[in-house]
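Thank you all for making the time this morning. I would like to walk through one structure slowly, taking one region after another, and I will begin as soon as the picture is up.

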Amino acid sequence: MSEINPRVNSAILPRFIGKMVRIPCKVLTTTDNTVTVQTSDGGEILVKYSGDGGISSSYVEIIGQVLDETTVRKAGVINFESELDLQMVDRVIRLIHDPRFFSTVYS
Amino acid sequence: MQRTELSHSVRPLTLAQVNKAHQAHTDAEWTLEGNEIGQVTIVGHVVNITEQATNVLYTLEDGTGKVEARRWKEQSSEEDAEKWGDIQVNQVIRATGHIKAFGNRKYVNAINIRPSEDPHEIYFHMMEALTVSLSLQNGPVRGPSGNASAYTAQSSGMANDDMAEYRHLPPLQREIIKVLLAQPEHDEGGVHVGVVAKAVQKQGGVTGTAISEALDALMDAGQIFTTSDDAHFQVSR
């Protein structure tokens, strides 16, 4: 189902290799065609993109396809105007992926 | 066609849940897992905006699914731009309205759409949707002190059928009845007015006079009676 692109942290991301995910994160370093971000559980992911990244804030949500356990190809980005409480975000991410709740939140 | 109180409620849903909702036939109520849905409130990322002759469609994604929120256009295009112009692609918005089907497509006919400015809002919304769904499934949440949470105020009213007959009473009188009913049943001596006063005053700002008057009113109405002496009360059952 291409409509589903779950929010993940670095621990959960490997379950979605080949699929689209959303990663709420903090931007750490930027190069011409990659960005290294810190996920809500403190892990680091490499985000690859071409052209103008469109990343203008330090807290963003990266939407992309999972290439491997620590790499994602960017398809879109939401730039947040204010700081995101990544600790709170991580708790929510863990909750929605909990088998007890996954089928209520998702389909 | 009978509609329950739920038809006047606003239910927070994830987009996957909106897509799971179903309608027995046109004009029937929408339900999700057996519960009727009134209005819904959704929060999603605008991935596309399609402008049509009379309405505008916002394609929303929230990670769980995809839903279109639809709104009618204003009379003039200036009015339209002024009122709705700040909603753009790649923004997160909150929309509130009714689920409607048109052919085999489902929409949320949005009465209200606003940008979601706080990045935490979508997380709050997911948790709210989950909490409400689980409360409807499993019953109200009980905290360690036995108090129901704010989200279960309605269902705890249904669970406590004891209090149903007292719903017409003013709040203080209702509170007193609740305290009397909460006391152990084998206490046939009735409940001392001091105990009632202490429990009721936890609500804050209740005077001794108000309590006296409420007790008198309840006695006049025959709801309570005195037992061992004038200071002990029992609910008439």
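**Strands, an interface and a second chain**

Let me begin with a single pair of residues, A:Lys48 and A:Arg73, which stand opposite each other, the latter in strand S5 of chain A. Before going further, I should say that what you see is a predicted model. The pair I just named belongs to a longer match, in which S3 of chain A and S5, covering residues 71-79 of the chain, run parallel and are joined over 3 bridges. As a general point, the strands of a sheet pair through backbone hydrogen bonds, and the pairing may be either parallel or antiparallel.

The other kind of pairing is found with strand S2 of chain A, residues 34-39, which runs antiparallel to S3(A) and is joined to S3(A) by 5 bridges. Within this pairing, A:Val37 has A:Ile45 of S3(A) as its bridge partner. The two strands form a hairpin with 4 residues between them, and in this hairpin A:Gly42 takes a positive phi near 85°.

If you now follow strand S3 of chain A along residues 44-48, you will see that its side chains alternate, with A:Ile45 and A:Val47 pointing to one face, where they are buried, while A:Glu44, A:Leu46 and A:Lys48 point to the other face and are not buried.

Which residues does A:Val35 touch, once its neighbours within four places in sequence are left aside? This residue is found in strand S2 of chain A, and it counts as buried because its relative accessibility is 1%. Its contacts beyond those neighbours are A:Val27, A:Thr29, A:Thr30, A:Ile45, A:Leu46, A:Val47, A:Tyr49 and A:Ile55. I would also point out A:Lys48 once more, since A:Val35 and A:Lys48 are 13 residues apart in sequence, while their C-alpha atoms are 6.6 Å apart in space.

Also in strand S2 of chain A is A:Thr39, and A:Thr39 is likewise buried, because its relative accessible area is 1%. Setting aside neighbours within four places in sequence, A:Thr39 is in contact with A:Asn9, A:Ser10, A:Ile23, A:Pro24, A:Cys25, A:Ile45 and A:Leu86.

Let me turn to the place where the two chains meet. The contact takes 27 residues from chain A and 24 residues from chain B, and the area buried between these chains is about 2200 Å², with carbon and sulfur atoms giving 62% of that area. On the chain A side, A:Glu3, A:Arg7 and A:Thr104 supply 26% of the area that chain A buries against chain B, which is more than any other three residues supply.

How many salt bridges are there between chain A and chain B? The count is 1, and A:Arg22 forms a salt bridge with B:Glu61, the closest N and O atoms of the two being 3.2 Å apart. Between the chains there are also 11 residue pairs in polar contact, counting pairs with both residues at pLDDT 80 or more.

Several elements of chain A give two or more residues to the side that touches chain B, namely strand S1 (20-30), strand S4 (59-68), S5, helix H1 (86-97) and helix H2 (102-105). Of these, H1(A) gives the most, with 5 residues. Sorted by class, this side of chain A has 16 nonpolar, 5 polar and 6 charged residues.

Finally, we come to chain B itself, whose secondary structure comes to 7 helices and 12 strands. Of its 237 residues, 41% are buried, and among the contacts in chain B with a separation of 6 or more, 55% are between residues 24 or more positions apart.

One helix in this chain, H3, covers residues 121-138 and holds B:Glu121. Is B:Glu121 buried or exposed? Because its relative accessibility is 13%, B:Glu121 counts as buried, and, leaving aside neighbours within four places in sequence, B:Glu121 is in contact with B:Arg94, B:Arg114 and B:Ser116.

The last feature is an open sheet of 3 strands in chain B, in the order S10-S12-S11, with antiparallel pairing. Its edge strands are S10 (191-192) and S11 (224-226), each of which pairs on one side only. S11(B) is joined by 3 bridges to strand S12, residues 232-235 of chain B, and these two run antiparallel, with B:Thr226 standing opposite B:Phe233 of S12(B).

Technical notes: Residues are numbered from 1 along each chain as its sequence is written. Chains are lettered from A and ligands numbered from 1 in the order in which they are written. This is a predicted model: local features need pLDDT of at least 70, side-chain atom pairs count only at pLDDT 80 or more; totals for chains, interfaces and linings use all residues. Side-chain values use heavy atoms; hydrogens and water are left out. Buried means under 20% relative accessible area, exposed over 50%, partly exposed in between (1.4 Å probe, protein chains only). Two strands pair if DSSP finds at least two bridges between them. Contact means heavy atoms within 4.5 Å. Buried area is the accessible area (1.4 Å probe) that two parts lose on being put together, summed over both. A salt bridge is a side-chain nitrogen of Lys or Arg within 4 Å of a carboxyl oxygen of Asp or Glu. A polar contact is a pair of N or O atoms within 3.5 Å; within protein, one must be able to donate a hydrogen and the other to accept it, and residues adjacent in sequence count only if both atoms are side-chain atoms. Ala, Val, Leu, Ile, Met, Phe, Trp, Tyr, Cys and Pro count as nonpolar, Asp, Glu, Lys and Arg as charged, and the others, Gly among them, as polar.
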